[in-house]
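Subject: Structure for you to look at

Hello,

Here is the structure I promised to pass on. Please open it alongside this message. My notes follow below.

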Amino acid sequence: MSTMTAQRYAWLKEQISLHDRNYYLLDQPIISDAQYDDLYRELISIEKEYPLWITKDSPSQKVGGYANQVFSAVEHGSPMLSLNNALSEEELISFDRRCREGLGIDVIEYACELKFDGLAVSLLYEQGILVRGATRGDGTVGENVTDNIKTIRQIPKKLLGENIPERIEVRGEVFMSHDDFQLLNEQQRILGAKEFANPRNAAAGSLRQLDPQISAQRALSFFTYGIGELAPASWLPRSHADLLERYAKMGLPVCEDRSVAQGLQDLQAFFQSIKERRDELPFDIDGVVYKVNAYDLQNQLGYVSRAPRFAIAHKFPPQEAMTKVLAIEVQVGRTGAITPVARLEPVFVGGVTLTNATLHNEDEVLRKDVRVGDTVIVRRAGDVIPEIVRVLADRRIGQAAVFHMPKHCPICHSQIERVFGESIARCTGGLFCPAQKMQAITHFAHRRAMNIDGLGDRLVEQLIQSNLINHPADLYRLGLNALVTLERMDSKDKKLASNLLQAIENSKQTTLARLIFALGIRHVGETTAKDLAKYFGSITAFMMASEEALLRVNDVGPVVASSILYFLAQAHNREVIEQLITCGINPKEEASSDQVVAELMGKTFVLTGTLPSLTRDQAKALLETAGAKVVGSVSKKTDYLLAGSDAGSKLEKAQELGVTVMSEQELIGILQQSSVSKGLD
């Protein structure tokens, strides 16, 4: 096994997860789509060579995206999956070959559509009435944005016609047209407010407004392109093209730029025709989508972990232009990553004026030999910070200085270090560095970490800007009088502030696993945090861990052990942990072997629907404590489905596969019986 490859793999997992969060949750992507695709492809190539390295937290095993805590959670009846990409003609040919070989058909009929550059959403209709709108989120759980969805005029509140299913989840894209985007930014300038970088960010920001009246004032558009839950299942037509025709008759907006293709040559012709007309379209697209048209053939091809085998996104090549480098500066990311950024002479590329380009890392700057004053080719792929493709060295004037990474963080002046084998340099300030505060505190408060309900990104940002908090321990020193002065806290009605303070107080009674996860140590996810908690048993023992001890923990290798030791070696990180303990954080002892329930030990559970008294996290914790395993989707390997009300398609699939369905009452009965038995022993 190559240590360098293992370190690179761990770095790729971290980077892809970071970019997923920036793109889906914060609507603030920091790399281009093409750069993201390169990272993802490298990760896949390593996993093919070392399949035993693949864990549940790998980006290859889940759909990109996050659900914002500000909105209530919505569990999708069936996952909203991502699509694999074809970035070249060869990859398109390979996709068609795989489909033909998988189906044993010489020429396949495909449905062809545009790939809209917006925000994926699902619309749930019951008896033809719109009852819920949700974002994709992480593919399994999204955000409830029903009130905002209802402000989009194109989306019907009631479906037309008589052939309406009892329950149907319509999937599509919310976006903003070029004209509406320009008008919105003009209004922002008049108001002195921040302008949006591009239509996708404007659409995502508008749909996620807490006040639906703000969403209503912004002209959002919608096209449908897919289907999720459906009852009765017999309503589904023969093909995807037929579904879109049926949608149109029901009053749902369907893009007219679609076609049915017979084989590879038709796919290539559709791609070329749309590419030629791309600049004429009134909205942004970044490619086209092909789907095997017949649903029975789609079912035969099936799915991989996060994408269907029967569909692919054929993306347009990035757009390029020539400009000059005015300066090279470094930015401190939310995880301490130090990224060189080129400040550019403004240049218009693909409908956007560019002034910045990412240089990724020091190695990349030196490899491309980018210097201040150079004439460069910049590439824009998607709607994010572009990259410098190459330097036009023959246009260089004079002897410009070679770039070198600074030794100290420009924000907190802590030392900048680069771990051997990694390309990214990092600020060692950790929880101390202001640039990393917001990310660190938001992660600390996450429902799967310290579970401080009501403490989202915007409130954390306000608390930091108001100098009320500098690191997580400061949360436990907040008072009511300070909170009610904030913009989001009503001074007349102190309920919000009181609820937040109570949530902070409640979080003191937590588990060691949650506390370790909340610290935000690189490479330490939920599963690793649980393993560490079980092994060390107390926060004091964890803080004293040696490399030898760490390597004895399940699934902790040299990279993770090194990351933990590095974190704990920083005096400011240890000080924050000690302050947390002083403030009353009291991690509970981890589950011992006598809490394991023989009947549930080693069994695989899937949770669905709304349980009568337990939350999803509470039920999961009970099951894991009892020795069971909780996964996200039903399969032949599933032992039990724990089902509540509105169970949806997971219940149907469980019944089809003969999976035992268990109620909350039955689960509690098993747990109580086990406790009684052990008490008698």
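Helix α6, residues 199-207, lies across three strands: β4 (119-126), β5 and β7. Its direction is at about 40° to β4. Please keep in mind that this is a predicted model.

The sheet under discussion is open and has four strands. Their order is β5-β4-β7-β8, and they pair antiparallel. Which strands stand at the edges? They are β5 (129-135) and β8 (221-231). Each has a single partner strand, so one side of each lacks a neighbour in the sheet. From one strand to the next, the twist averages 25°.

Now the β7-β8 pairing. Strand β7 covers residues 167-175 and runs antiparallel to β8. Eight bridges join the two. What stands opposite Val 170? That position in β8 is held by Ile 227.

On to the aromatic rings. The count of aromatic pairs is 15. One of them is Phe 175 with Phe 223, and this pair is stacked. The centres are 5.3 Å apart, with 25° between the planes. Phe 175 belongs to strand β7 and Phe 223 to strand β8, so the pair ties together parts 48 residues apart in sequence. Are these two residues buried or exposed? Phe 175 is buried, at 6% relative accessible area. Phe 223 is buried as well, at 13%; the cut-off for buried is under 20%.

Phe 175 and Phe 223 also belong to a cluster. Ring pairs link them there with Phe 116 and Phe 283.

A further pair is formed by Tyr 535 and Phe 536. Their ring centres lie 4.9 Å apart. The planes are at 75°, so this pair is edge-to-face; the cut-off for that class is over 60 degrees. Tyr 535 is partly exposed, with a relative accessibility of 37%. Phe 536 counts as buried, at 13%.

One last item concerns a charge and a ring. Arg 246 places its charged end over the ring of Trp 235. The distance to the ring centre is 4.7 Å.

For a first look, I would start with Phe 175 and Phe 223, the stacked pair. From there, go on to the β7-β8 bridges and then to helix α6 across the strands.

Best wishes

Methods. Residues are numbered from 1 along each chain as its sequence is written. This is a predicted model: local features need pLDDT of at least 70, side-chain atom pairs count only at pLDDT 80 or more; totals for chains, interfaces and linings use all residues. Side-chain values use heavy atoms; hydrogens and water are left out. Two strands pair if DSSP finds at least two bridges between them. Axes are lines fitted to C-alpha atoms, for helices over the stretch in contact, and angles run from 0 to 180 degrees between N-to-C directions. Contact means heavy atoms within 4.5 Å. Rings of Phe, Tyr and Trp (its six-membered ring) pair if their centres lie within 6.5 Å; planes under 30 degrees apart count as stacked, over 60 as edge-to-face and the rest as tilted. Buried means under 20% relative accessible area, exposed over 50%, partly exposed in between (1.4 Å probe, protein chains only). A charge sits over a ring if NZ of Lys or CZ of Arg is within 6 Å of the ring centre and within 35 degrees of the ring normal.
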